[in-house]
Protein chains: 2
Amino acid sequence: MSPATTLDEDIEEGLDAPLATVGGPAPAVRRARAWLSRAAEPGSVAFWRFVEDAGPVQAVRQLRAGRAPDAVRALVGARVEEDATAADLLRAQRCGARLLVPEDDEWPALALHGLVLTTAGEPADPRAHSPRTTALVPPVALWVRGPARLDALADRSVAVVGARASTAYGEHVAGELGHRLGQRGWTVVSGGAFGIDAAAHRGALAAGGPTIAVLACGVDRPYPAAHGALFHRIAEDGLLISEWPPGAAPHKHRFLVRNRLIAALTRGTVVVEAAARSGAQATARRAQRLGRQVLVVPGPVTSAMSVGCHELLRDPDLDAVLVADAAHVVEAVGRLGEDLADAVKRPTSPRDGLSDIACRVLDACPVRIGVSPERLAATAGCDVLEVLRVLPALELAELVQMTTTGWRLAPAPGPPVAP
Amino acid sequence: MSPATTLDEDIEEGLDAPLATVGGPAPAVRRARAWLSRAAEPGSVAFWRFVEDAGPVQAVRQLRAGRAPDAVRALVGARVEEDATAADLLRAQRCGARLLVPEDDEWPALALHGLVLTTAGEPADPRAHSPRTTALVPPVALWVRGPARLDALADRSVAVVGARASTAYGEHVAGELGHRLGQRGWTVVSGGAFGIDAAAHRGALAAGGPTIAVLACGVDRPYPAAHGALFHRIAEDGLLISEWPPGAAPHKHRFLVRNRLIAALTRGTVVVEAAARSGAQATARRAQRLGRQVLVVPGPVTSAMSVGCHELLRDPDLDAVLVADAAHVVEAVGRLGEDLADAVKRPTSPRDGLSDIACRVLDACPVRIGVSPERLAATAGCDVLEVLRVLPALELAELVQMTTTGWRLAPAPGPPVAP
C-alpha cells in the first residue's frame with residue numbers, strides 16, 4: 001500500500017497478487033482490511049463470513065462495486081463510498097501504531113481460533129445470527145499500538161476485569177494480582193477502564209510485566225481521557241489494541257462488542273469485583289463459551305461490588321473457580337504447560353505427564369501433512385475447544401508443530417547420524 | 001430409676017424388663033446409659049458397638065462384672081467401680097436438664113442415622129478404628145437442657161460455625177444469618193464458642209428462633225463462662241446439649257469429638273470464617289462425610305480469617321456451595337422439602353416434582369412391613385445417604401411413614417367410602 005495510490009487502484013492491483021509472501025501480506029490486503037475495519041461495525045457474523053469467503057481484497061471490490069449480498073451491503077451503508085484508509089494508516093503510524101491483519105505472522109491465530117469456532121456455530125440464516133453485541137465473531141483486523149508482538153504477549157495472558165465503580169478492596173486485589181502475574185511473566189489483559197481494569201494494568205506495569213488494553217475506540221485517542229498517562233505507559237511497555245480505526249469514538253455498544261476480544265485473547269478471565277448483572281459477568285460468560293477458564297475473586301458478602309462475583313461462583317453451569325491470589329490463577333490457567341515442561345525434562349518418554357486429552361490429540365496428529373484442530377478433534381474423539389487448549393502446550397513441548405496446512409507431529413530428534 | 005436404689009439393683013431389675021414400653025424406656029435403661037455416658041469418653045467405635053450389641057443394661061452389667069471384652073474394659077478403666085448416676089441425674093434435674101437416650105421418642109434418630117452408617121463402615125479390628133477425635137460414631141446418650149424437643153428442633157436445622165478469633169465482618173454475617181434463619185423457622189446449631197458461634201446463636205435468639213448449643217462439657221456448667229448469660233437464654237428458648245454428664249470439664253479433645261454432633265444433627269453446615277487448617281474446616285469435612293451440605297460464606301481474600309473458607313470453596317472433592325445470605329442457605333438445604341410441599345398442593349399426582357432419587361426411594365418402599373433405609377437403598381439402587389436425604393421430605397409430603405420396623409408407603413387417602 002502506498003498512500004499515493006487510491007484504494008481502488010490498490011485493490012485492482014492486489015486481485016492477482018498472492019495474499020501473502022515471505023515478507024508478509026500483500027499491501028492490497030492490509031489496505032483492504034483497513035477499509036473493512038471502518039466500513040462496518042465489528043461483531044457481525046454475516047460481514048465476517050463475507051470477508052472470510054471472498055477474501056479481503058475481493059470483499060472490498062465487491063462492496064465498492066455494489067455486488068455484495070444485500071445483508072452485507074446494508075451493514076456498510078453509505079460508508080461504502082468513503083475511503084479513509086490512507087488517512088487512517090497515516091494516523092496510526094504517527095502514534096506508533098500499525099494495522100495487524102490475519103495474514104500477518106503476528107496475528108494471534110491460535111487465541112482467536114475460539115472465535116472462528118463459535119462463529120461457525122452460528123446459523124446460516126443471517127436473521128437468526130447472534131446480535132452484534134454478543135456474537136463471538138473474530139475481528140477482521142486489529143489496530144495495535146506498542147512495540148511488543150501481540151501473538152507473543154497473548155500466548156501467556158490472563159484477563160483481569162471488573163467493576164468501574166470498584167471499592168478500595170477490589171482495586172487493591174486487582175493491583176496485587178496484576179503485579180504478581182506480571183512478575184511471573186504473564187500478560188495482564190484488560191479494558192483500560194476506571195476501577196478494576198486500571199488497577200490491574202497499573203499492577204502489571206509496576207512489576208515491569210507486559211499488559212494489553214483492549215479498547216472500544218481508536219488507539220490514538222484512548223478512552224477515558226483521564227487515563228492518558230496510563231495509556232501512554234501501556235503503549236510504551238505493552239500494547240493498546242482496538243478493532244476500530246484511529247479516531248473512532250467509544251460508543252457504548254462498542255464496549256460490549258469489545259469484551260469478547262478480552263475473553264478470546266486470554267487463557268482465562270479473572271473477575272475481581274462485579275455488581276449484580278454487570279458487564280464483567282457478561283465477559284466471564286463469554287470466556288466460558290469460548291472454552292476459557294472463568295476465575296473469580298470473592299469479597300465480603302456485604303459488598304454490592306462482590307454480588308456479581310458470588311453469583312458467578314454459585315452458577316453450577318459456569319464451573320467458575322474461586323481464586324484468592326496470583327498463584328491460584330496460574331495454577332488454573334497454566335497447569336498443563338508447566339506439567340508438560342516438567343515432563344519433557346525427564347529422560348523417559350515426553351508423553352509422560354501428558355493429560356489423557358493431550359495424549360489423544362498427540363496420537364491424532366499426522367506425521368507429514370498438518371491438519372486442522374477440527375480434524376484433530378474428530379480423530380481424537382474430543383471437543384475442538386479441548387484440542388485448542390492442549391495444542392499450545394504440546395507445541396511448547398516440541399511434540400507438535402504448526403504448518404501452513406495445520407498441525408502435525410514434530411519430527412523426532414532421533415539418534416545422531418554418522419556423517 | 002429411683003435414686004433410692006443402687007445402680008446394680010436397677011440393672012438386675014432391668015435385665016428382664018422390656019427396653020421400652022408405651023411410657024418410654026425402662027428406668028434401668030436410662031440409668032444404664034447415664035452410667036455409660038460417664039464411664040468412657042465418647043467417640044470410641046469399640047465402646048459404642050459394645051453397647052449397641054449387648055444393649056445398655058447388659059453392657060453395664062458385663063462391664064461392672066468384669067466380663068466385657070478387654071478393649072472395652074480398657075476404655076473404662078478405673079471408672080468401672082464408680083457410680084455417679086444418681087448424682088448426675090439429680091444435678092441435671094436441678095438445672096432443668098434431662099438425659100435423652102436412643103430408646104426415647106425424642107431421640108433424633110433420623111439425623112444421627114448418618115453416624116450409625118459411618119460407624120458401620122469402620123473396620124472390625126479395633127486397632128484400625130478411626131481415632132476418637134475423628135470417628136463418626138453416635139453418642140450413647142445426650143444430656144439435654146431446655147424446654148424444646150430435640151428431634152423437632154433438629155428436623156429443620158443448620159449448623160453455623162466458624163472462627164473464635166472472628167472479625168467484625170464475620171460476626172456481622174453470622175449474626176445476620178442466624179437472625180434470618182431463625183425468622184424462617186430454621187434451628188441454628190453451633191458450639192457456643194466465642195466469635196462466629198456466639199454471633200450465630202445471638203442472631204437466632206434475637207429473631208425468636210430456636211437455637212442449639214452443642215457443648216463439650218456438662219450442660220450445667222457451660223463453657224466459656226463469659227457466655228453465661230447467652231447460655232441461660234439458649235436454655236430458655238432453645239437447647240444446650242452435651243454427650244458429657246453434668247459437671248464435665250471442657251477438655252480440649254472433647255471439642256474435636258463434639259464437632260461431629262454439630263455436623264450430624266443438621267442438614268448442612270455453614271462455615272462463616274475460618275483460618276487456614278482450622279477446626280471449622282474439620283467440621284465441614286465431617287459434614288461432607290456424613291452426606292450433609294457444606295456451605296461456605298466467602299470474605300475478603302485479604303483476610304486471614306477467610307483463608308479457610310476459600311480453601312473449602314476451592315476443594316473440588318468437597319463440593320461446597322458458596323452462600324452469601326440465608327436465602328442461599330435455605331435453598332441449599334431445604335429445596336427438596338419445599339418442592340415437595342408445592343407438588344403435593346397440586347391436584348395431580350403427588351409424585352410430580354419429586355426428584356429422580358425421591359421417586360426411586362418411593363417406589364422401593366413396601367406397602368405393609370416397613371424396611372430400613374439400607375434396604376431401601378439396595379432396592380432403589382442408590383446410596384443410603386441419598387435415601388436418608390429424601391426420606392424426611394417424603395414423610396413431610398405424607399407419601400411414606402416410619403413404623404417400628406422401618407419405612408413403608410403411607411396409606412393412600414383414597415376416595416371417600418359410602419357408609
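1. Let's start where two parts of chain A meet. Domain 1 of chain A and domain 2 of chain A bury about 1900 Å² between them, and carbon and sulfur atoms give 60% of that area. On the domain 1 side, Glu106(A), Thr133(A) and Leu136(A) lose the most area to domain 2 of chain A, together 28% of what that side buries. Keep in mind that this is a predicted model.

2. Why quote an area at all? The size of an interface is often given as the accessible area lost when the parts come together.

3. Now for the layout. The domain assignment splits chain A into domain 1 (7–83 + 102–140), domain 2 (143–332) and domain 3 (346–409). Notice that domain 1 of chain A is written as two stretches, 7–83 and 102–140. Between domain 1 of chain A and domain 2 of chain A, the C-alpha centres are 27 Å apart. The contact draws on 23 residues from domain 1 of chain A and 22 residues from domain 2 of chain A.

4. How many salt bridges are counted between domain 1 of chain A and domain 2 of chain A? The count is 1. If you want a salt bridge to look up in the model, try Arg254(A) with Glu41(A), where the closest N and O atoms are 2.5 Å apart. Polar contacts turn up as well: 10 residue pairs across the interface of these two domains, with both residues at pLDDT 80 or more.

5. Which helices should you look at on the domain 1 side? Helix 2 (27–39) and helix 7 (109–120) of chain A each supply at least two residues to the side that touches domain 2 of chain A. Helix 7 of chain A gives the most, with 5 residues. Sorted by type, the residues on this side of domain 1 of chain A come out as 12 nonpolar, 6 polar and 5 charged.

6. Finally, hop over to chain B and find Arg260(B), which sits in helix 12 (residues 252–265). Is Arg260(B) buried or exposed? Its relative accessible area is 1%, so Arg260(B) counts as buried, the cut-off being under 20%.

7. What does the side chain of Arg260(B) reach? One partner is the backbone oxygen of Val137(B), at 2.6 Å. Another is the backbone oxygen of Val257(B), at 2.8 Å. Leaving aside neighbours within four places in sequence, Arg260(B) is in contact with several residues, among them Gly43(B), Leu115(B), Pro138(B), Glu243(B), Arg286(B) and Leu290(B). Val137(B) is on that contact list too.

Technical notes. Residues are numbered from 1 along each chain as its sequence is written. Chains are lettered from A and ligands numbered from 1 in the order in which they are written. This is a predicted model: local features need pLDDT of at least 70, side-chain atom pairs count only at pLDDT 80 or more; totals for chains, interfaces and linings use all residues. Side-chain values use heavy atoms; hydrogens and water are left out. Domain bounds come from an automatic or database domain assignment. Contact means heavy atoms within 4.5 Å. Buried area is the accessible area (1.4 Å probe) that two parts lose on being put together, summed over both. A salt bridge is a side-chain nitrogen of Lys or Arg within 4 Å of a carboxyl oxygen of Asp or Glu. A polar contact is a pair of N or O atoms within 3.5 Å; within protein, one must be able to donate a hydrogen and the other to accept it, and residues adjacent in sequence count only if both atoms are side-chain atoms. Helices (H or I, at least four residues) and strands (E, at least two) are DSSP runs, numbered from the N terminus. Ala, Val, Leu, Ile, Met, Phe, Trp, Tyr, Cys and Pro count as nonpolar, Asp, Glu, Lys and Arg as charged, and the others, Gly among them, as polar. Buried means under 20% relative accessible area, exposed over 50%, partly exposed in between (1.4 Å probe, protein chains only).
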